[in-house]
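Here's a quick walk through this protein, strand by strand. Have a look at the sequence and the model first, then read on.

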Amino acid sequence: MWPYTEHLEEEYNKAIEFVQEYAQSLGAKYVCSKLQKFTTISGEQDPVQETLEMTIFKYGNEYFWIEHHFQSDCPFIVFSFGDSVDTIFEDAEPFPYNLTEEELKAEVRYSLGIEKYPGYR
């Protein structure tokens, strides 16, 4: 169940699709899909439980998928990484879905380690 009234699920899904396509344009390769159960929400809202078909990619030596992350005020996108398809659990920094296309592209480059986050050495 979509937990927001002020954010459209369709727009969120479009942002995830855009991020996945951009990651592939940078060299991420599709590996497979698998069902995964999640419970997520931050803040004072009730937890959201969902089972999603996760698209798994490989970039360099790491596997990743793009998870939903529900903050209390806005849905976020987060890359999760692992050494194999079965060990994807290490999150990168979450970012809001409603950034500009250029900002979303930058977040993908940061998440994949192509560029460092501004202010990090």
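A strand here is a DSSP run of type E with at least two residues, and strands are numbered from the N terminus. By that count, E90 sits in strand β5, which covers residues 90-91. Keep in mind that you're looking at a predicted model.

**The overall layout**

The protein has two helices and six strands. Reading from the N terminus, the order of elements is α-β-β-β-β-β-β-α. The protein has 121 residues, and 42% of them count as buried.

**Strand β4 and its cover**

How many residues of β4 are buried? Strand β4 spans residues 75-82, and eight of its eight residues are buried, so "mostly covered" is a fair label under the cut-off of under 20% relative accessible area. The cover applies to both faces of β4. On one side you'll find P75, I77, F79 and F81, and on the other F76, V78, S80 and G82, all of them buried.

**Who pairs with β4**

β4 pairs with β3, β5 and β6, and here is how each pairing looks:

| Partner of β4 | Residues of partner | Bridges | Direction |
|---|---|---|---|
| β3 | 62-70 | eight bridges | antiparallel |
| β5 | 90-91 | two bridges | antiparallel |
| β6 | 95-96 | two bridges | antiparallel |

Let's take the partners in turn. β3 connects to β4 by a hairpin, with four residues in between. Across that pairing, I77 in β4 has H68 opposite. β3 is itself largely enclosed by the rest of the structure, because seven of its nine residues are buried.

I77 also turns up in the pairing with β6, where its bridge partner is F95. So what stands opposite F81 in β5? That's E90.

**A charged spot on the surface**

E90 brings us to the surface. Together with E62, D83 and D91, E90 forms a negative surface patch. To be part of such a patch, a residue needs over 30% relative accessible area and no salt bridge, so E90 is not buried, whereas its bridge partner F81 is one of the buried residues of β4.

**Putting it together**

In short, β4 is a buried strand with antiparallel pairings to β3, β5 and β6. E90 links two parts of this picture: E90 stands opposite F81 and belongs to the negative patch.

Terms used
Residues numbered from 1 in each chain as written. Predicted model: local features only at pLDDT ≥ 70, side-chain atom pairs only at ≥ 80, totals over all residues. Heavy atoms only, no water. Patch = residues over 30% accessible without salt bridge, like charges linked within 9 Å, V, L, I, M, F, W, Y side chains within 5 Å. Areas by Shrake-Rupley, 256 points an atom, 1.4 Å probe, with all protein chains shown as cover. Salt bridge = Lys/Arg side-chain N within 4 Å of Asp/Glu carboxyl O. Lys, Arg positive; Asp, Glu negative; His and termini not counted. Charge placed at Lys NZ, Arg CZ, Asp CG, Glu CD. Buried < 20%, exposed > 50% of the residue type's maximum accessible area, 1.4 Å probe, protein only. Pairing = 2+ DSSP bridges.
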